[in-house]
Amino acid sequence: MTSTAPTTDVAAYVLRLGDDALVLAQRLGEWAAKSPTIEEDVALLNVGLDLLGQARSLLARAAELEGRGRGEDDLAYFRDEREFTNAQLFELENGDFGRTMARQLLASAWHVGVYDALSDSADEGLAAVAAKAVKEARYHLDHAATWVVRLGDGTDESHRRMQAGLDDVWPFAAELFEVDPLVERMVAAGVAADPRSLEPAWRSAVESVLAQATLSVPETTWAPTGGRSGVHIEAFGYLLAEMQHIARSHPGASW
Amino acid sequence: MTSFAPDVAEVRTALDAVTDPEIPVVTIADLGILREVEVAEDGAVEVTITPTYSGCPAMQEIAADVQQVLAQHGWAGRVRTTLSPAWTTDWITDRGREALRRHGIAPPGPRNDGPVLVQLGRPSWQPACPLCGSTDTEETSRFSSTSCKSLWRCRSCREPFDHFKSH
């Protein structure tokens with residue numbers, strides 16, 4: 001069964017989730033061969049691989065709903081910056097390892113909540129992807145939380161850098177909980193998870209980790225936004241250039 | 001091409017030849033990757049498989065291996081991938097668990113499907129060492145050579161080993 005909501009709306013909503021996962025997977029891939037340890041290299045790329053798998057399923061579902069004959073690769077490689085609707089949190093530059101883990105903590109805690117809720121989505125295709133993805137997200141959250149505590153409650157230097165990374169990425173989390181007309185319509189149709197109902201659990205999961213990590217919850221001084229309508233940070237264009245250039249230089253190539 | 005519609009049991013037996021490309025000691029049936037085998041009205045065999053992890057890179061190879069087995073038997077067939085219901089380690093059969101253990105991979109333990117919860121510190125459950133059987137083991141890395149495994153070390157016999165994560 002599929003939902004009765006207009007498929008263009010559902011496609012747009014699913015695309016947001018797919019872009020979130022795709023862009024974060026690409027960022028994590030940048031750690032290849034640069035992580036602090038070989039085990040962590042494998043870990044970051046495994047998390048990225050899970051996210052890439054989720055992105056492929058989500059983009060494929062969005063393409064199917066859209067019904068314009070495009071596939072997952074068309075959506076990943078042949079859209080321009082302003083057509084990507086991921087939240088800006090996911091595209092933030094890696095920075096140091098602490099900043100990457102801060103971003104991962106906020107992102108994974110969001111994914112656990114949103115995928116869990118979407119397991120009951122009125123869109124069956126989306127529900128299937130979410131039910132699979134939530135288990136992976138739990139593992140990612142656990143991994144990020146372990147590092148945040150280890151670094152936050154570590155040496156003076158690791159604490160300082162963990163807090164600095166957290167302070168940098170923190171304001172970008174607000175965008176995850178924004179409600180725009182598309183989300184309103186999708187919540188009403190039973191397709192989307194209501195971000196407002198996800199925020200308390202997200203906040204309590206994140207804050208419990210920060211407390212154990214002896215880190216302070218940053219004060220929110222500004223609220224960057226715009227990712228959902230295609231407005232991105234400067235670094236995003238460079239990410240897309242790296243991700244898309246082979247597909248665009250050799251259209252239709254296979255190996 | 002002429003083909004004779006086989007019965008489902010015959011196909012299942014034939015598909016026991018298909019193993020996981022990354023863990024070649026275990027069949028896809030014993031891992032729970034092989035979800036369904038049906039013979040459609042037109043006589044075509046329809047095989048449904050499901051990924052262990054969303055990003056599992058082995059799915060295409062498994063689908064190709066299944067197609068090859070069908071072709072070897074002269075059966076026309078299709079391979080379909082489904083995500084729902086989501087695969088869990090509960091789909092691994094007892095025979096699959098034993099095969100993992102013999103191969104030096106500690107099989108998965110109980111699953112934890114709770115809501116948002118963050119458990120820190122040592123895992124509450126530790127796999128027994130697949131080599132000496134000791135439960136005095138410790139996790140060295142949450143991620144191992146494939147998404148579905150973590151890396152452990154036995155404190156009794158000192159050997160490192162892979163553990164198929166509960167999922």
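This note goes through the two chains point by point.

1. **Ground rules.** This is a predicted model, in which local features need pLDDT of at least 70, side-chain atom pairs count only at pLDDT 80 or more, and totals for chains, interfaces and linings use all residues. Residues are numbered from 1 along each chain as its sequence is written, chains are lettered from A and ligands numbered from 1 in the order in which they are written, and side-chain values use heavy atoms, with hydrogens and water left out.

2. **Chain A, elements.** Chain A has 9 helices and 0 strands. Read from the N terminus, the order is α-α-α-α-α-α-α-α-α. Helices here are DSSP runs of H or I with at least four residues, strands are runs of E with at least two, and both are numbered from the N terminus.

3. **Chain A, overall form.** The C-alpha trace of chain A spans about 55 × 45 × 30 Å along its principal axes. Its radius of gyration is 18 Å, which agrees with the value near 18 Å for a compact globule of 255 residues. That radius is taken over C-alpha atoms, and the globule rule is 2.2 Å times the number of residues to the power 0.38.

4. **Chain A, inside and outside.** Of the 255 residues in chain A, 56% are buried. Buried means under 20% relative accessible area, exposed means over 50%, and partly exposed lies in between (1.4 Å probe, protein chains only). The accessible surface of chain A is about 10600 Å², and carbon and sulfur atoms hold 54% of it. Such areas come from the Shrake-Rupley method with a 1.4 Å probe; for residues, only the protein chains shown count as cover.

5. **Chain A, contacts and charges.** Take the contacts in chain A between residues at least 6 apart in sequence: 80% of them join residues at least 24 apart. A contact means heavy atoms within 4.5 Å. Chain A carries 22 positive and 40 negative charges, and the mean positions of the two sets are 2 Å apart. Lys and Arg count as positive, Asp and Glu as negative; His and the chain ends are not counted. Each charge is placed at NZ of Lys, CZ of Arg, CG of Asp or CD of Glu.

6. **Chain A, positive phi.** Most residues other than glycine have a negative phi. A:Ala33 is not a glycine, yet its phi is positive, about 70°. A:Ala33 sits in the loop between α1 (7-29) and α2 (38-66) of chain A. With a relative accessible area of 73%, A:Ala33 is exposed. A:Thr214 also has a positive phi, near 55°. The loop between α8 (195-212) and α9 (234-249) of chain A holds A:Thr214. A:Thr214 is partly exposed, at 42% relative accessibility.

7. **Chain A, two more residues.** A:Ser229 lies in the loop between α8 and α9. A:Ser229 is exposed, at 52% relative accessibility. From A:Ser229 to A:Lys34 is 195 residues in sequence and 33 Å in space, C-alpha to C-alpha. A:Val209 belongs to helix α8 of chain A. At 0% relative accessibility, A:Val209 is buried. The C-alpha atoms of A:Val209 and A:Leu89 are 19 Å apart, with their places 120 residues apart along the chain.

8. **Chain B, overall.** Chain B has 4 helices and 7 strands. Their order from the N terminus is α-α-β-β-α-β-α-β-β-β-β. Chain B has 167 residues, of which 47% count as buried. Among its contacts between residues at least 6 apart in sequence, 54% join residues at least 24 apart. Chain B exposes about 8100 Å², with 48% supplied by carbon and sulfur atoms.

9. **Chain B, a cis bond.** Most peptide bonds are trans. The bond from B:Ser84 to B:Pro85 is cis, with omega near -5°. B:Pro85 is in the loop between β3 (77-81) and α4 (94-102) of chain B.

10. **Cysteines.** Over all chains, the structure holds 0 disulfides. A disulfide is a pair of cysteine sulfur atoms within 2.5 Å. B:Cys157 is in no disulfide, and the nearest cysteine sulfur, that of B:Cys154, is 3.7 Å away. B:Cys157 is partly exposed, at 28% relative accessibility. Why is B:Cys148 not bonded to B:Cys56? The sulfur of B:Cys56 is the closest cysteine sulfur to that of B:Cys148, but at 6.8 Å it is too far for a bond. B:Cys148 is buried, with a relative accessible area of 9%.
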